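User: I'm new to reading structures and keep tripping over the vocabulary. Could you walk me through some of the terms, using the one below?

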Amino acid sequence: MKILVINGSPKGSNSNTYRLTSAFLDGMREGLKETDPQIEVKELAVNSLTVKPCLGCFSCWNRTPGQCCISDDMSHMIQTLLWADVIIWSFPLYYFTVPGPLKNLIDRQLPMLLPFMAENETGTTGNGSHPQRYRRDHQKTVVISTCGFYTAQGNYDGVYSLFDHTCGRGNYTAIFCGQGELFRVPEVSGRTDEYLSYVRQAGQEYIAGGISQKTQTALNQLLFPKETFEAWADASWGIHPDTSEKESDALIFTRQMAALYRKENYPGKDLVLEMYYTDVGECYQILLSKDGSQVYTDGSLPATTRIETPVTLWRSIAAGKIRGDEALMKHLYKVTGDFQFMLHWDTYFGSPTPRTAKSSHAGGEEKTTNMCILLLPWMALWTAVPISRYWGSFACIGICALLPLLFYRNRKTPYEILTNPLVTGISLALAAGAQERQMLPFSYLVFGSMWTVSCFFKIPLTANYSMNHYGGEDAYSNPLFIKTNRILTLLWGLFYISASAVTYLLMGTSLRGLTGIFQCTLPIFLGIFTAWFQKWYPAKVAGGA
């Protein structure tokens, strides 16, 4: 297959639209790599060609049929147009139509038509037409464009009219995307990269026979809501809307950050984010309310959370050049006030379009881990066996047998898989006559060792469960999250290892019957400590820059 890409942007390869075109082309290549490995692609940038305006002299119709009187790059361009099986027109919207240089190229296609009047061969009716000089019915056309408005809808009437007449209504594929300027903004690359993945998918489907309705729906979605994009776009000019005075780069950046606030996630009370840019000595506040965001330059509001950072660093974090949590662990910036705001940053400033969840079971919902499943067999062992060694042991064996049923709606971890044979083995030993005073302390030792040993793994035990509250598995790449959980896992492990010694001593006294209550009550206090530590420790690290 021969594919011709006509890049009609005056910016050439730096075009925002060209990023969409490249993604679509990549998808086409992926779709063709097995059926047509000999794919040929030619890419022509209009801004590198010399194509003068049409003179309207009609020499190409009467004096030199099929040949223009102007000697420039258009003669070669016509041959290239005839060579292609698929033509991809890529351009930004300029004043509701195509850019001027591209319009010159389109006008100069006149030699490819015959002068005679005929019924329109392209499918439009009632307006007259000219027949093609060359057979081009094998060719397919794709039109890809971005514009600076929040939506493409209603802004491409002129482009639709142009290609309806030249290609025929319904005879070409169009991908028109609003908010095109965002494709050059690193700070929102998460959302734009997501959109580009849909464009790539569209390229694959186009080769297979046509873009699916599901993919087309994704392509028609706004990158950001209207008010978000327009606030961001207005701020990007760096001019105060009331005074028309030029604003600093730090203030522009703050206004753009504020524009990305997702008011649908308003937490029920107003929040004030204070940004102090240490490298330029500027401080601004962002009020986040149920009605939206507002930037204050006078520092008049009491801050909920204050971030002290070089503006260059925060730009790098926003652009994804450095992870914010890594920079925090290296003490490159400082956070004071309510650190919980930072833990929910993506909730307030994240993408408005949820990522496609990976279905993990028939219900289509993503499974989550549950620490209760891990603790249930052990708690049963420690409470039931002191009451009745024989029947308590069989009760634990029954619980272990039924435990896999819980994995229908919950994701299992290696520790639950390990728990089943461990508790079953200890219970069988007790049912067979093993002494409680040896086996119960041994069970605490085994349980505590499992926690302690996991501290040396990449993902400590508690992280497998607490990640549900911190963005899922993405939390695993957060060094502060991992360090916090590594400390907590070690503390829990040491607690249960020490509990084995305490249990052994208690079971040799008249307080033997209290061992189960003792060992099941103390974890409650450790759980309270865990909840406090998960908030205190990250805040301590954040405030220590």
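Analyst: Sure, let's start with residue classes: Ala, Val, Leu, Ile, Met, Phe, Trp, Tyr, Cys and Pro count as nonpolar, Asp, Glu, Lys and Arg as charged, and the others, Gly among them, as polar. By that scheme, the lining of the largest cavity splits into 10 nonpolar, two polar and one charged residue. Some background: this is a predicted model, where local features need pLDDT of at least 70 and side-chain atom pairs count only at pLDDT 80 or more, while totals for chains, interfaces and linings use all residues. Residues are numbered from 1 along each chain as its sequence is written, and side-chain values use heavy atoms, with hydrogens and water left out.

User: Why is D325 called buried or exposed, whichever it is?

Analyst: Buried means under 20% relative accessible area, exposed over 50%, and partly exposed in between (1.4 Å probe, protein chains only). D325 has a relative accessible area of 12%, so it counts as buried.

User: And what makes the link between the side chains of D325 and N478 a polar contact?

Analyst: A polar contact is a pair of N or O atoms within 3.5 Å; within protein, one must be able to donate a hydrogen and the other to accept it, and residues adjacent in sequence count only if both atoms are side-chain atoms. The D325–N478 pair, at 3.4 Å, is listed as one. D325 also makes a polar contact with the side chain of R323, at 2.6 Å.

User: Which class does F58 fall into, and why?

Analyst: F58 has a relative accessible area of 40%, so it is partly exposed. F96 is partly exposed too, because its relative accessibility is 41%.

User: What is unusual about phi in F58?

Analyst: Most residues other than glycine have a negative phi. F58 isn't a glycine, yet its phi is positive, near 60°. F96 also has a positive phi, about 70°, without being a glycine.

User: What makes a group of residues a nonpolar core, and how many are in the largest?

Analyst: A nonpolar core is a set of buried Ala, Val, Leu, Ile, Met, Phe, Trp, Tyr and Cys residues joined through side-chain atoms within 4.5 Å. The largest has 36 residues, and W314 is one of those that touch the most other members. A second, separate core of 34 residues includes I3, L32, V188 and F224.
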